[in-house]
Amino acid sequence: MALVVLLKESRARRYVQQIMKVGRRAQDVTEQILAFSRRRERQHHALRVQPVIAEAVDLLRASFPATLAVETHLAAADAAMTGDPTELQQVVMNLGTNAAQAMNSRGVLEIALDMTEIVEAQALSHGNLPAGRYIRLAVRGTGSGMDQATLERIFEPFFTTKPAGHGTGLGLSTVHGIVAAHRGAVDVKSQLGQGTTFEIYFPQIEPASAQADEGEGEATEVPVEYGNGETILVVDDDTPLMQLAEEMLAALGYEPVGFNRSPAALNAFSADPGRFDLVLTDEVMPDMTGVELSGKLHEIRSDLPIVLMTGYGRTLRSRQLTAAGISEVIKKPLLSASVAQCLARHLHSG
């Protein structure tokens with residue numbers, strides 16, 4: 001909403017674009033956590049690696065104190081691989097954070113990216129690397145280093161050298177799992193008192209079909225179809241989100257009527273069913289879920305379009321949605337353009 005009213009060349013617009021980019025990346029991470037809990041397979045695609053790594057480095061820099069410098073040597077501008085950008089960034093974030101903790105947030109953290117060709121198969125510290133062309137990510141920290149016994153266990157789940165309450169032991173095991181899922185390999189070099197270097201090797205592909213994975217925070221110039229004053233019933237138990245949805249709908253040319261309690265929304269609808277042109281309701285609410293509310297509204301008026309909002313990972317069966325009269329399910333957080341397209345499908349089609 002802020003992007004719509006900011007001048008295209010303003011600094012404020014660039015700041016908001018970055019907020020959008022990081023927010024969407026956070027959304028991706030959350031979806032991956034939900035996907036992992038449901039044991040879903042990730043969807044990998046061809047992508048250019050350097051923009052993804054550069055964005056992760058920016059996030060690291062923003063989280064580190066001034067006593068810790070981050071130096072980068074990124075020399076793989078056209079390099080491409082098959083993978084998931086969010087998971088790649090998680091590798092950088094986990095390795096960078098782990099190195100910073102080992103350095104007590106003081107010193108220099110080096111992050112390098114380049115391309116290399118392995119002529120003969122090599123044995124690495126943790127696995128074997130077949131011959132081929134690879135993208136190499138290196139993270140070097142000047143911390144205390146590790147002895148051989150520690151080095152052999154670093155990728156074990158829940159293994160940590162940190163004091164109780166200062167680490168879960170899942171960061172490096174997560175890195176190892178992501179690298180394995182991308183058909184990569186890890187080489188760790190460390191000596192006590194001389195720091196540690198993690199080298200990650202990812203199989204390289206031709207860059208022609210790769211996506212840059214950039215500009216996610218920029219407003220896409222897609223024509224927005226505005227409303228004609230149609231009345232939308234908005235239901236969300238989170239009052240600030242309900243109010244934000246009202247503002248968004250008003251800006252799109254609709255007349256929103258918001259409630260933060262399902263029973264109150266049902267009473268208002270029952271009193272005048274013909275007043276509303278569409279219902280936009282959250283799913284997870286204390287008094288009555290969105291599906292339950294939708295079912296009661298559908299009983300009163302079967303032709304009413306109902307859109308269910310959800311940010312929750314629970315799978316909703318299509319039979320359950322159809323029985324409740326739900327026309328479509330959209331995911332939170334709501335984006336203005338997506339909401340506009342959704343409402344237009346149900347109110348302006350034909």
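1. Let's start with Asp114. In this predicted model, Asp114 has a relative accessibility of 24%, so it counts as partly exposed. Asp114 makes a salt bridge with Arg136, and their closest N and O atoms sit 3.0 Å apart. Asp114 belongs to strand S4 and Arg136 to strand S7, so this pair ties together parts that are 22 residues apart in sequence. Arg136 is partly exposed too, at 22%.

2. Now look at Ile200, which touches Arg136 as well as Val91, Leu95, Ile135, Leu137, Val179, Ala185 and Val186, leaving aside residues up to four places away in sequence. Ile200 is part of the largest nonpolar core, which has 37 residues; along with Leu95, Ile111 and Leu137, it touches the most other members. Among the elements that each supply at least two residues of this core are helix H4 (85–102), strand S4 (107–118), strand S7 (132–141) and strand S9 (196–203). Apart from it you'll find another core, of 21 residues, including Leu233, Ala265, Val279 and Ala324. As a bit of background, nonpolar side chains in soluble globular proteins tend to be buried together.

3. Leu233 and Val279 turn up again in a sheet: they are bridge partners, with Val279 sitting in S12. Strands S10 (residues 231–235) and S12 (residues 278–282) pair in the parallel sense over four bridges. The whole open sheet has five strands, in the order S11-S10-S12-S13-S14, with parallel pairing. S11 (255–259) and S14 (326–331) are at the edges with a single partner strand each, so one side of each has no neighbour in the sheet. On average, neighbouring strands here are turned by 20 degrees against each other, ignoring direction.

4. Which strands does helix H11 lie across? Follow residues 336–347 and you'll see H11 crossing S10, S12, S13 and S14, at about 175 degrees to S14. Val339, Ala340, Cys342, Leu343 and Ala344 are the buried residues of H11, and these pack against helix H7 (239–251), S12, S13 and S14. Here's a quick check on the helix: at 1.5 Å a residue, its twelve residues should span 16 Å, and the end C-alpha atoms are indeed 16 Å apart.

5. H11 is also linked to S14 by charge. Glu328 forms a salt bridge with Arg345, the closest N and O atoms being 2.5 Å apart. Glu328 is in S14 and Arg345 in H11, 17 residues apart. Is each one buried or partly exposed? Glu328, at 18% relative accessibility, counts as buried, whereas Arg345, at 43%, counts as partly exposed.

Conventions:
Residues are numbered from 1 along each chain as its sequence is written. This is a predicted model: local features need pLDDT of at least 70, side-chain atom pairs count only at pLDDT 80 or more; totals for chains, interfaces and linings use all residues. Side-chain values use heavy atoms; hydrogens and water are left out. Two strands pair if DSSP finds at least two bridges between them. Axes are lines fitted to C-alpha atoms, for helices over the stretch in contact, and angles run from 0 to 180 degrees between N-to-C directions. Contact means heavy atoms within 4.5 Å. A nonpolar core is a set of buried Ala, Val, Leu, Ile, Met, Phe, Trp, Tyr and Cys residues joined through side-chain atoms within 4.5 Å. Buried means under 20% relative accessible area, exposed over 50%, partly exposed in between (1.4 Å probe, protein chains only). The expected span of a helix is 1.5 Å times one less than its number of residues. A salt bridge is a side-chain nitrogen of Lys or Arg within 4 Å of a carboxyl oxygen of Asp or Glu.
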